[in-house]
Amino acid sequence: MSENLKTIKELADELGVSKQTIRNKIDKDFREKFVQTIKIKGNNTLVINNAGYSLLKKTLQNDTAQTAKTLQNRLQKHCKTILHRLQKHCKMILHRLN
């Protein structure tokens, strides 16, 4: 395999994502610019050049950062809800004890 071309599996392994995640990022425009089909062991195989690899890596890093931010926001909201309910129950218990 050429140093400048990587298969979807190689990219997925290097970037720590599934092959399906890589495939989902490859649209028609990306395919025209960065993807080639070559024969490996008699099978047609998609390979992506270095420029495509760099773009995918950047895109996936941005996606990961956005997902982390979204999860953090959801967790904060969830914690606020739990704290509010806990405070409400504590007040009710204290009221019953008095």
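This report walks through the salt bridges found in a predicted model.

## The overall count

Let's start with the tally: searching the whole structure turns up three salt bridges. Each is taken in turn below, with a look at how accessible its partners are.

## Glu-14 and Lys-6

Glu-14 pairs with Lys-6, and their closest N and O atoms lie 3.0 Å apart. The two partners fall into separate accessibility classes: Lys-6 is buried, with a relative accessible area of 18%, whereas Glu-14 is partly exposed at 43%. Lys-6 gets its label because buried means under 20% relative accessible area.

## A pair in helix 1

Helix 1 covers residues 8-15 and holds both Asp-13 and Lys-9. These two residues form a salt bridge, with 3.0 Å between the closest N and O atoms. What separates them along the helix? Asp-13 and Lys-9 are four residues apart, so about one helical turn lies between them.

On accessibility, Asp-13 is exposed, having a relative accessible area of 52%. Lys-9 has 46% relative accessibility and counts as partly exposed.

## A pair in helix 3

Moving along the chain, helix 3 spans residues 28-34 and contains Asp-29 and Lys-33. Here the salt bridge joins Asp-29 to Lys-33, and the closest N and O atoms are 3.3 Å apart. With their positions four residues apart in the helix, Asp-29 and Lys-33 are separated by about one helical turn.

Which class does each partner belong to, exposed or partly exposed? Lys-33 counts as exposed, at 53% relative accessibility, while Asp-29, at 40%, counts as partly exposed.

Methods: Residues are numbered from 1 along each chain as its sequence is written. This is a predicted model: local features need pLDDT of at least 70, side-chain atom pairs count only at pLDDT 80 or more; totals for chains, interfaces and linings use all residues. Side-chain values use heavy atoms; hydrogens and water are left out. A salt bridge is a side-chain nitrogen of Lys or Arg within 4 Å of a carboxyl oxygen of Asp or Glu. Buried means under 20% relative accessible area, exposed over 50%, partly exposed in between (1.4 Å probe, protein chains only). Helices (H or I, at least four residues) and strands (E, at least two) are DSSP runs, numbered from the N terminus.
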